[in-house]
Each structure stands twice: as structure tokens, then as C-alpha cells.
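Let's take a walk through this model, starting from its core and working outwards. Have the sequence handy as you read.

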Amino acid sequence: MFLAITGLVLVLWAVFTFNRLVRLRNQVRAGWSDIDVQLMRRHDLVPRLVEAVRAYAGHEKAVLENVTELRAQAMQTSSPARLAGLEGQLEAGLGRLMLLKEAYPDLKASENFLKLQNDLVEVEDHLQYARRFYNGAVRANNDAVQRFPDLVVARSFGFGEAEFYEADEGSRAAPRVSA
């Protein structure tokens, strides 16, 4: 009788642990999906922003090409670590693009440019939230798959650790709209 109760408790614990691990894995996937959506929004803004700047500052070719190339690389990358590095470089390039408005008063006064700039700041704010959610989900998932005795169920059913989204030092602050 004792063995039957012990066996039932172990099975219930395994089912509970498995279901919790599935929920945590799905939170990581949902968090990554949120980051992906925000990055796509940013990537959609980049060509429009580049065109707006090109109309006023066409000879700033190196900055425009750099931002366009980084966008293309970022869209083809799926690894959180690699993507974080590319996105950090893209954020720096977008920051340089935003600084061009100081050198070109007509650009600074452009309603289209100002709208795109505000849209970019909004995307950056959403992206920051999505990264925090994703990293929180990764932390919870990684804790669960590393903690004994849950790791027994995790390893038995192929649950593994997820990769954190870590921004590099230069990309920690979102660009801001200056008045």
C-alpha cells in the first residue's frame, strides 16, 4: 500500500513538473515572439527613416548604408546572443542617423522624419519591455530545468536551458527625441 501511494505521489509530481516546464517553455517562446515582433516593427521603420534622411542628407552615404546593412543582417539572425550584438550596432547606427538632424535643419523640421523618430522611440520602449519579459521567462525556465529534483523530469523529456537576450554596453539606452 505504501509503495502504491509513493508511486502515485511520484507520478503526480512528475505530471505537475512536466506541465510547469511546458508552461515555462511556452513563456520563453512567447517572450521571444514579442521581441521578434518589436524588432520587425523597428526593421520596418529603418528603410522609411533612411529614405527620409536621404532626401535631406544624401551625401551621408556611409551612415545610411551601414544602417541598411545591419538591418538586413539582423533580419536573418535567430540566435538571441548574435541578434543582441547586431541590434546593438543597429541602435548605434540609428542614433547616428538621428544626430544628422542637428546638421540639417530642414530634416529637423520634416514632419515625416519627426513622426518616424517618435515611432522609433515607441518601438524601443516596447522592445525594452519585451526583452525584460523574455529574460524573466528565460530565468524562470532555466531555474526550473536546473533545480533538483525537477531536472530529472526536464532531462527525461528534453527540456533545456534557454539563451538570455543580452544587450551589449553600447545599446543599453534607447534613443530619445530631443526637442
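Here is a short tour of the core, one helix pair and one threonine.

This is a predicted model, where local features need pLDDT of at least 70 and side-chain atom pairs count only at pLDDT 80 or more, while totals for chains, interfaces and linings use all residues. Residues are numbered from 1 along each chain as its sequence is written, and side-chain values use heavy atoms, with hydrogens and water left out.

Start inside. The largest nonpolar core has 35 residues; such a core is a set of buried (under 20% relative accessible area, 1.4 Å probe, protein chains only) Ala, Val, Leu, Ile, Met, Phe, Trp, Tyr and Cys residues joined through side-chain atoms within 4.5 Å. Those with the most contacts inside it include Ile35, Leu94 and Tyr134. Helices H1 (2-57), H2, H3 and H5 each give two or more residues to this core, and H1 gives the most, with 10. Helices here are DSSP runs of H or I, at least four residues, numbered from the N terminus.

Now look at H3 (residues 80-103) and H5 (residues 111-146), whose axes (lines fitted to C-alpha atoms over the stretch in contact, with angles from 0 to 180 degrees between N-to-C directions) come within 12 Å and cross at roughly 155°. The two are therefore roughly antiparallel (over 145 degrees). Leu94 and Leu97 are among the H3 residues that meet H5 (contact: heavy atoms within 4.5 Å).

Finally, Thr68 sits in H2 (residues 61-75). At 38% relative accessibility, Thr68 counts as partly exposed (between 20% and 50%). Its C-alpha atom is 8.8 Å from that of Leu90, 22 residues apart along the chain.

Definitions and conventions
Angles under 35 degrees count as roughly parallel, over 145 as roughly antiparallel, 65 to 115 as roughly perpendicular and the rest as oblique.
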